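Subject: Structure handover and notes

Hello,

Please find the structure below. My notes follow it.

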Number of protein chains: 2
Amino acid sequence: MATIRDVAKAAGVSVATVSRVLNETGYVHEDTKKAVNLAIKELDYSPNEVARSLYKRKSRLIGLLLPDITNPFFPLLARGVEDEMRDHDFRLIFGNTDEDAEKEQDYIQTFQQNNVIGIISMTNTLSKTTYNDLSIPVVFLDRTASSLPSVYADGKEGGRIAAQELIKRGSKCITLIKGPAHLQTALDRFQGSLEVLSSSDVNFNVMSTTSFSFKDAEKWAKDLFQKYIDTDGIIASNDIVATAVLHEALRIGKSIPNEIQIIGFDDIPLSSLLYPSLSTIRQPAYEMGREAAKLLIRLIKNDKKIDHNIQLPVSFIERSTTRKVDEHV
Amino acid sequence: MATIRDVAKAAGVSVATVSRVLNETGYVHEDTKKAVNLAIKELDYSPNEVARSLYKRKSRLIGLLLPDITNPFFPLLARGVEDEMRDHDFRLIFGNTDEDAEKEQDYIQTFQQNNVIGIISMTNTLSKTTYNDLSIPVVFLDRTASSLPSVYADGKEGGRIAAQELIKRGSKCITLIKGPAHLQTALDRFQGSLEVLSSSDVNFNVMSTTSFSFKDAEKWAKDLFQKYIDTDGIIASNDIVATAVLHEALRIGKSIPNEIQIIGFDDIPLSSLLYPSLSTIRQPAYEMGREAAKLLIRLIKNDKKIDHNIQLPVSFIERSTTRKVDEHV
DNA sequence: TTGAAAGCGGTACCAT
DNA sequence: ATGGTACCGCTTTCAA
């Protein structure tokens, strides 16, 4: 690996000059610039980011925290973050936290030790103050953080839409699955649906659940069909849960969407691959990732602690677990 | 952020001494060690990895290259890599390459600029020599690289098993979907199946495809059922393709698994969530990721260029797109 | 317009 | 057993 000194020697100038042409800072004569660039090319030199980082006390690395990359919702977000960051020559260090505070803390520490210039977090196990004390900008993604910059989808509206679409398509007895109470995003969806359901004239039940895991969801799905036999419409807390419900419905011989309609939330890739394919409320995950990255970059540049919250719109993706609206009415 | 100098001052010793207790190298009196550790605690000091990396010319960062984290097969591998690396206090910088040589080259360069101590690559767009010239150890994952360390599953055996299971379960006319020719792993599976099929007394067709994309696979699936109407068993090149085939079969009213049996490859999380759930040849993706990480760590420690290839066993996961073996016979 | 040199925060050699 | 200090590769004053 050639160093800046090698380049300087080869070009017959000082390292300071090389540094100037590298960073396009200060005055450099055209001829010297040419000579330097030639030397750079010949030596196939590229600057050592570590040395830069040490001097500047900040790298071009971003820390990315997510609960579990294995959960199909997060890769979409992560990919959005990465693409945007790449466009600005930032790279990502990432860590799966499993919603475990210790892991999260751990990763944050090594992020700092590596001079990351900012953090995007899709977890919120740790208290907001932990993040606030960090001295580097943080953006929350898919997490609403009132006092900190964050990017998330309009879950409440999503919840409303889900209820409206089900009602519009003729469901008379709806079961609303309420996701984990500690996740604000899950709560928003729930409240949106509840709002619409409450002011409508359909019957509905609420079923509380405590996770988004498929295994758990399978059990709840069984419960659901035993307890609420009249159910003809289900609003699931997300697509994974909706899938479990769909599975169970099919297993016990319900006809979808004729006897039972199902709406999920997220629109993970899986949803379109199911059979029947899953109608769902789409969160623009990839775009959310990109937005979070953009926001973080702005924070990095401004170096201010702006409290900016970006809410992206959701949309109803009509597939085959809901009836066509014409068919009915 | 406290520095080693702050600690030294607080403990009334030199930075050299602090460094010694930090790294547990050389002699340090018990009492001084205690004083230093106390200072560290009080100042909440943790060493600057960037400075370390600069001096040592190697960091504790690993570069991870994958085609697309959005493809459900890769998160499993990535998670395996991460968990193992975390156990050894390594962190990951990752990059999606989209099988694009330029992106791949680009990431490799920034990996080097950041002093990564090793690379795990799940892509092979670039020539092997590019990797060979790298001066840092590289392990290929889910890619067979004859001259370089790599970890992959026994695709050939997987192909054999798939064919055997289908035959055992009574398929008489099998369509074998051959995946992209440029992927050795896809080829292995194909050849394994071909081998068994050739020496059996069932009829079979081979259908060539050029990608693992679901969109493309949907078209091929349509073709398949038009061209090979007698097909009563399908060996797909992976689970995504199998899903498309399943979708199409259901759409045109085929009964699964009675009229048509389907076997996939990979066992991505999606497979068990389909309805009917997909029988498939499982690659132990998570374990493969961990093995790759272990291998890389060994290479880092030995600092030798060992050419080590680790092949992990595959297994048949019996679900609902294949008939029970008793039912038939 | 250019160069010398201090310093970023560690590590490790050489003395003592 | 401990301290002084050169050095890792770069950036940025400050002088010339």
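The notes cover the conventions, the two DNA strands, one lysine and one sheet.

This is a predicted model, in which local features need pLDDT of at least 70 and side-chain atom pairs count only at pLDDT 80 or more, while totals for chains, interfaces and linings use all residues. Residues are numbered from 1 along each chain as its sequence is written, chains are lettered from A and ligands numbered from 1 in the order in which they are written, and side-chain values use heavy atoms, with hydrogens and water left out.

DNA strand C

Around DNA strand C there are 25 residues (near: a heavy atom of the residue within 4 Å of the molecule or strand). The closest are A:Thr17, A:Arg20, A:His29, B:Ile4 and B:Arg52. Sugar or phosphate accounts for 61% of the strand C atoms within 4 Å of the protein, and bases for the rest.

Three polar contacts (N or O pairs within 3.5 Å; within protein, one atom must be able to donate a hydrogen and the other to accept it, and residues adjacent in sequence count only if both atoms are side-chain atoms) can be listed for this strand:

- A:Arg20 places a polar side-chain atom 2.5 Å from a base oxygen.
- A:His29 has a polar backbone atom 2.6 Å from a phosphate oxygen.
- B:Tyr45 has a side-chain N or O atom 3.1 Å from a sugar or linking oxygen.

Two or more residues of this surface come from each of α2 (15-23) and α4 (49-56) of chain A, and α1 (4-11), α2 (15-23) and α4 (49-56) of chain B. Helices (H or I, at least four residues) and strands (E, at least two) are DSSP runs, numbered from the N terminus. The largest share, four residues, is from α2(B). By class, the surface near strand C has twelve nonpolar, eight polar and five charged residues (nonpolar: Ala, Val, Leu, Ile, Met, Phe, Trp, Tyr, Cys and Pro; charged: Asp, Glu, Lys and Arg; polar: the others, Gly among them).

DNA strand D

DNA strand D has 27 residues around it, of which A:Ile4, A:Tyr45, A:Arg52, B:Arg20 and B:His29 come nearest. Of its atoms within 4 Å of the protein, 62% are sugar or phosphate. Polar backbone atoms approach phosphate oxygens at A:Ile4, at 2.4 Å, and at B:Ser14, at 2.8 Å. A side-chain N or O atom of A:Tyr55 is 3.1 Å from a sugar or linking oxygen. The surface near strand D divides into 13 nonpolar, nine polar and five charged residues.

B:Lys103

B:Lys103 lies in helix α6 (101-113) of chain B. With 16% relative accessibility it counts as buried (under 20% relative accessible area; exposed is over 50%, partly exposed in between; 1.4 Å probe, protein chains only). Its side chain makes a polar contact of 2.6 Å with that of B:Asp98. Not counting residues up to four places away in sequence, B:Lys103 is in contact (heavy atoms within 4.5 Å) with A:Arg79, A:Arg86, B:Asn96, B:Thr97 and B:Asp98.

The sheet in chain B

Chain B has an open, mixed sheet of six strands, ordered β7-β6-β8-β9-β10-β12 (strands pair if DSSP finds at least two bridges between them). β7 (203-208) and β12 (315-317) of chain B are at the edges with a single partner strand each, so one side of each has no neighbour in the sheet. β9 (261-266) and β10 (279-282) of chain B pair in the parallel sense over four bridges, with B:Ile263 partnered by B:Ser279.

Regards
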